[in-house]
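Reader: I'd like to learn how to read strands and helices in a model like this one. Could you walk me through it?

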Amino acid sequence: MQGLEVTYPGSRLPAVHDGELVVQPGETVALTGPSGCGKTTLLAVVLGLRHPDAGTVRLGGVDLSDLDLDDWRRHIAWVPQRPHLFARTLAENIRLGRADASDAHVAAALDAAGLTEVVRRLPRGVDTRLGEGGAGLSAGERQRLALARAFVRNAPLLLLDEPTAGLDNETEADVLAAVRSLAYGRTALIVAHRPALAALADRVVELPPPPVPAVTAAGEGGRDA
């Protein structure tokens, strides 16, 4: 990324201004910085969900705007901060990452995400139907299920948006272990607020604070200058 600028409709200030980032193949990079500095927006740009107002995003020398976005997204495993789980079976939720995944691939993804024992306790195992939003699972289990979906996708590029947000220390440790395994051998961009998550990265990039609106000084007569 070079010279990246993204401004959301209705906003006077850019969410990302003069953004620049180079990620090497196989590198895990953690994006840190204060709230509102554009970390999630950068992931949205890489996904092709947000078109930059200025600047370029190049992938192996090819401009992202020249790519077929549907084809590009097949190379990405994306885990948002609040991944949605549907009122389907656990296995069907995992296969949203890859529709043709075999039972063996689903089982391997569950094991990699640290969910095997959890599934064994469910009344129908992987065929247990979840409530909408993953009702029936804890917050940590829902997060690991989203990671299992990413495991079964087996894409070369991994995008994670704060996967440990809102978790207690013990649950965070389980999710961190799954993230470490998932990122191995892949290129990964991880939005990280917690130090333990940032510590998994090969490199930490701290984004600058968001711009502050200019304040118009009042003149001597009490009117704006």
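Reader: Which residues point one way from S8 and which the other way, and are they buried or exposed?

Author: Happy to help! First, this is a predicted model, in which local features need pLDDT of at least 70 and side-chain atom pairs count only at pLDDT 80 or more, while totals for chains, interfaces and linings use all residues. Residues are numbered from 1 along each chain as its sequence is written, and side-chain values use heavy atoms, with hydrogens and water left out.

Now the general idea: in a regular strand the side chains alternate between the two faces of the sheet. In S8, Leu157, Leu159 and Asp161 point one way, Leu158 and Leu160 point the other way, and all are buried. Buried means under 20% relative accessible area, exposed over 50% and partly exposed in between, with a 1.4 Å probe and protein chains only. Strands (E, at least two residues) and helices (H or I, at least four) are DSSP runs, numbered from the N terminus.

Reader: Why is S8 largely enclosed by the rest of the structure?

Author: Five of the five residues of S8 are buried, so the strand is largely enclosed.

Reader: Which strands pair with S8, and in what sense?

Author: Two strands pair if DSSP finds at least two bridges between them. S7 pairs with S8 in the parallel sense over four bridges, and Val79 stands opposite Leu160. Strand S9 (residues 187-191) also pairs with S8 in the parallel sense, over five bridges; there, Val191 is the bridge partner of Asp161.

Reader: How should I read a helix, and how many residues of H6 are buried?

Author: An α-helix has 3.6 residues a turn, so residues three or four places apart point the same way. Helix H6 covers residues 139-153, and its 15 residues reach 22 Å from first C-alpha to last. That is close to the 21 Å expected at 1.5 Å a residue, where the expected span is 1.5 Å times one less than the number of residues. H6 is mostly covered, with 12 of its 15 residues buried, among them Leu145, Leu147 and Phe151.

Reader: What covers the buried residues of H6?

Author: The cover includes strands S7 (76-79) and S8 (157-161), as well as helices H3 (90-94), H4 (103-112), H5 (116-121) and H7 (169-183). After H6 comes Asn154, with a positive phi near 55 degrees.

Reader: And what about the whole protein: how many helices and strands are there?

Author: There are eight helices and 10 strands. Of the 225 residues, 43% count as buried.

Notes. Contact = heavy atoms within 4.5 Å.
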